[in-house]
Amino acid sequence: MSSTEAKTTAKRDVGFVERFRESVGEDFTITTWVLIPIGIGINAIGGFIASTLKLPLFLDNIGTMLIGILAGPWAAMLTGGFANVIQAMLGNPVQLAFLPVPVAIGFVTGVLARRGWFDSPKKVVVPALVLTVVATLIATPIVVLVFGGVTSSGTSLVTATLVATGRSLVESAASAQLMVEFVDKGGSAFVAYFIGRSVPTRYLPPQGQDIYS
């Protein structure tokens with residue numbers, strides 16, 4: 001590599017690092033740090049309701065999506081990761097195995113929000129579908145490889161029903177996950193959007209103000 005090419009590559013690397021630092025910095029305003037515990041609390045409440053009512057849903061990523069919409073992908077990843085770790089520490093260690101799911105959900109939600117896909121209820125249809133696919137692709141291998149297709153969630157009931165019809169465990173787990181995530185993550189995306197819209201814009205981080213103004 002010539003010295004000119006080396007300098008060009010070095011400048012490109014420095015530019016990437018600067019853009020990355022700016023992107024992360026945009027997420028973490030004072031308002032964002034106030035909202036992150038609220039997002040974790042919303043996740044916990046949703047998960048508690050789903051668990052108490054024995055719903056075949058999770059409802060534990062609404063707060064993560066909300067932070068992704070209002071603040072951005074990095075703050076949402078932190079919210080989702082912390083929420084699962086805290087739930088694991090409070091007696092649900094299964095949540096640690098699924099840690100990649102809320103982290104990915106937070107990142108994708110924040111990126112889609114930053115690109116304008118949460119600007120209106122009609123546009124939220126796209127994030128709802130994308131998040132369904134993302135959650136299914138990440139959660140299904142965890143369910144099959146770590147838990148043998150059976151977890152404490154209501155999804156296992158759907159999986160067991162499909163296995164009883166003669167389908168393979170992988171096919172049944174993937175189908176069950178897709179059906180449940182379609183309702184859970186798709187519905188959660190709309191709930192998070194409308195929660196964000198109910199907050200006065202003067203209390204929102206810059207990204208939230210851009211989306212809801």
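**View 1. The largest nonpolar core of this predicted model brings together 35 residues.** Start with the residues that have the most contacts inside the core: Ile69, Val101, Phe118, Ala189 and Tyr212. Two or more core residues come from each of H2, H3, helix H4 (73-89), helix H6 (100-114), helix H7 (125-147), H9 and H10. If you want to know where the largest share comes from, look at H7, which gives seven residues.

**View 2. Alanine 189 and valine 124 touch each other and share a set of views worth opening side by side.** Setting aside neighbours within four places in sequence, alanine 189 is in contact with Met65, Phe118, Val124, Ala128 and Leu131. Now step over to valine 124, which sits in the loop between H6 and H7. Is this valine 124 buried or exposed? Its relative accessible area is 0%, so valine 124 is buried. With neighbours within four places again left out, valine 124 is in contact with Trp117, Phe118, Ala189, Phe190 and Tyr193. As for alanine 174, 50 residues separate it from valine 124 in sequence, and the two C-alpha atoms are 24 Å apart in space.

**View 3. Tyrosine 193 and tyrosine 212 make a tilted ring pair.** The structure holds five aromatic pairs. In the pair shown here, the ring centres of tyrosine 193 and tyrosine 212 are 5.5 Å apart and the planes are at 40°, so the pair counts as tilted. Tyrosine 193 belongs to helix H9 (residues 169-198) and tyrosine 212 to helix H10 (residues 206-212), so the pair ties together parts that are 19 residues apart in sequence. Both rings belong to buried residues: tyrosine 193 has 3% relative accessibility, and tyrosine 212 has a relative accessible area of 13%. Bring Phe194 into the frame too, and you have one aromatic cluster of Tyr193, Phe194 and Tyr212.

**View 4. The loop between H2 and H3 carries lysine 54 and leucine 59, each with a positive phi.** A bit of background: most residues other than glycine have a negative phi. Lysine 54 has its phi near 55°, and phi of leucine 59 is also near 55°. Lysine 54 lies between helix H2 (30-52) and helix H3 (62-70). What does a relative accessibility of 69% make lysine 54, buried or exposed? The cut-off for exposed is over 50%, so lysine 54 counts as exposed.

**View 5. H4 and H6 run roughly antiparallel.** Their axes come within 7 Å and cross at roughly 160°. That angle is over 145 degrees, which makes H4 roughly antiparallel to H6. The crossing is right-handed. On the H4 side, look for Pro73, Trp74, Ala76, Met77, Gly80, Gly81 and Asn84. They meet Pro102, Val103, Gly106, Phe107, Gly110, Val111 and Arg114 of H6.

**View 6. Helix H8 (residues 155-164) crosses H9 at roughly 135°.** The two axes come within 8 Å. That crossing angle makes H8 oblique to H9. H8 passes H9 in a right-handed crossing. The H8 side of the contact is Thr155, Val158, Thr159, Leu162 and Val163. On H9, the contact residues are Leu169, Ser172, Ala173, Ser175, Ala176, Gln177, Met179 and Val180.

Technical notes: Residues are numbered from 1 along each chain as its sequence is written. This is a predicted model: local features need pLDDT of at least 70, side-chain atom pairs count only at pLDDT 80 or more; totals for chains, interfaces and linings use all residues. Side-chain values use heavy atoms; hydrogens and water are left out. Rings of Phe, Tyr and Trp (its six-membered ring) pair if their centres lie within 6.5 Å; planes under 30 degrees apart count as stacked, over 60 as edge-to-face and the rest as tilted. Helices (H or I, at least four residues) and strands (E, at least two) are DSSP runs, numbered from the N terminus. Buried means under 20% relative accessible area, exposed over 50%, partly exposed in between (1.4 Å probe, protein chains only). A nonpolar core is a set of buried Ala, Val, Leu, Ile, Met, Phe, Trp, Tyr and Cys residues joined through side-chain atoms within 4.5 Å. Contact means heavy atoms within 4.5 Å. Axes are lines fitted to C-alpha atoms, for helices over the stretch in contact, and angles run from 0 to 180 degrees between N-to-C directions. Angles under 35 degrees count as roughly parallel, over 145 as roughly antiparallel, 65 to 115 as roughly perpendicular and the rest as oblique. A crossing is left-handed if the near helix is turned anticlockwise from the far one by less than a right angle, and right-handed if clockwise.
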